Amino acid sequence: MPLDGKRIVVTGGTGGVGQPLVQGLLSRGAHVTLLGRTPPPDAPRLAHVPADFATERGLIAAADALSSLRADSLVHLAGEQYFGLFDQQAPADILRSYHINLAAPALLSRAVLPGMKARGSGHIIFAGSVFGSIPFAHFAAYSSAKAGLAALALALSRENAGSGVSFTCAVPRAIRTAMASERIRKFASVAGFKFDDPQAVANRLLAIIESGRGDMGPGFPESLFMRLHGIAPSLVTAGVRGTNAKARQLLSSE
């Protein structure tokens, strides 16, 4: 799909992946609207709609605002992550996590679907996670929200088959952005996790948006563990015991 003149809405557009993605979209002639709290720098064909995804009121207001806009593509990048014991995560923070990571993509997608279906074309891209396919200890709220996001993308794809609207749940590995806090980076270091470069992830997303469809996987070895978890989750549970122990040790030392 040539992007010149296309109208693309992006959440999380001022983040580590969002910034290079937006620049790539603008360089190809797209009209980009950022939905979120942080206004972007002034640029031609770049608009901003203030939105707060952390509360029910803010989500409903954002969905109402989006329903009046034309969106040829909607890209969900906004997210947040918590690493720690679930029973020590504040209830308000748990709700906030589900609002941002799952409820926002659901409500915003609902807002643009009628227009896309009426035009017979559209593309909605969700930012998934390996943690949605392999639920990790100490990432309970985040993992379960991302699992729900993957299910949402697949359910919508099946529900809207033949409508001309396509759905992508992009699943990179961990990305070197501000969302990966210092605590998470320490855990990744002791667990041997690798981080992807934000620009590289943005380039892959840009290619998917240009094609109008497609998938993004995390590569090896994460892709192997995702397949294995789908077949024999108990084997993966046994395989991550050492990683869980390292996480507990790291958390107890703080």
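**Helix crossings and hollow spaces**

Modeller: In this predicted model, the axes of helix α6 (residues 182-191) and helix α10 (residues 241-252) come within 10 Å and cross at roughly 140°.

Biologist: Why are α6 and α10 called oblique to each other?

Modeller: Their axes cross at roughly 140°. Roughly antiparallel begins over 145 degrees, and roughly perpendicular covers 65 to 115. The angle falls in neither range, so α6 and α10 count as oblique. The crossing is also right-handed.

Biologist: What makes the contact between α6 and α10?

Modeller: Residues with heavy atoms within 4.5 Å count. From α6 these are Arg-183, Lys-186, Phe-187, Val-190 and Ala-191, and from α10 they are Thr-243, Lys-246, Ala-247, Leu-250 and Leu-251. By class, that contact holds six nonpolar, one polar and three charged residues.

Biologist: Now to the other pair. Why are α1 and α7 oblique to each other?

Modeller: Helix α1 (residues 18-27) and helix α7 (residues 198-211) have axes that cross at roughly 40° and come within 8 Å. Roughly parallel would need an angle under 35 degrees, and roughly perpendicular starts at 65. The value lies between those limits, and α1 and α7 are therefore oblique. This crossing is right-handed.

Biologist: Which residues make that contact, and how do they divide by class?

Modeller: Pro-20, Leu-21, Gly-24 and Leu-25 come from α1, while Pro-198, Gln-199, Ala-202, Leu-205, Leu-206 and Ile-209 come from α7. Eight are nonpolar, two are polar and none is charged. Gly counts as polar in this scheme, so Gly-24 of α1 falls in the polar class.

Biologist: Let's turn to the empty spaces. How many cavities of 30 Å³ or more does a search of the whole structure find?

Modeller: One. The largest cavity holds about 40 Å³ of space, a value above the 30 Å³ cut-off. What makes it a cavity is that a 1.4 Å probe fits there but cannot get out.

Biologist: Which residues line the largest cavity?

Modeller: Tyr-82, Gly-84, Phe-86, Gln-89, His-138, Phe-139, Ala-140, Ala-141 and Tyr-142 do. By class, six are nonpolar, three are polar and none is charged. Tyr counts as nonpolar, so Tyr-82 and Tyr-142 belong with the nonpolar residues.

Biologist: And what is the volume of the second largest pocket?

Modeller: About 180 Å³. Eleven residues line that pocket, and the closest to its centre are Ser-133, Ala-150, Cys-169, Val-171 and Met-226. Helices α4 (130-133) and α5 (140-159) each supply at least two residues of the lining. The lining has seven nonpolar, four polar and no charged residues.

Conventions. Residues are numbered from 1 along each chain as its sequence is written. This is a predicted model: local features need pLDDT of at least 70, side-chain atom pairs count only at pLDDT 80 or more; totals for chains, interfaces and linings use all residues. Side-chain values use heavy atoms; hydrogens and water are left out. On a 1 Å grid over the protein atoms alone, a cavity is a set of points where a 1.4 Å probe fits but cannot get out, and a pocket is an open set with protein on both sides within 12 Å along at least five of seven lines; lining residues have an atom within 4 Å of a point. Grid points are joined across faces, edges and corners, and a volume is the space filled by probe spheres set on the points. Axes are lines fitted to C-alpha atoms, for helices over the stretch in contact, and angles run from 0 to 180 degrees between N-to-C directions. Helices (H or I, at least four residues) and strands (E, at least two) are DSSP runs, numbered from the N terminus. A crossing is left-handed if the near helix is turned anticlockwise from the far one by less than a right angle, and right-handed if clockwise.
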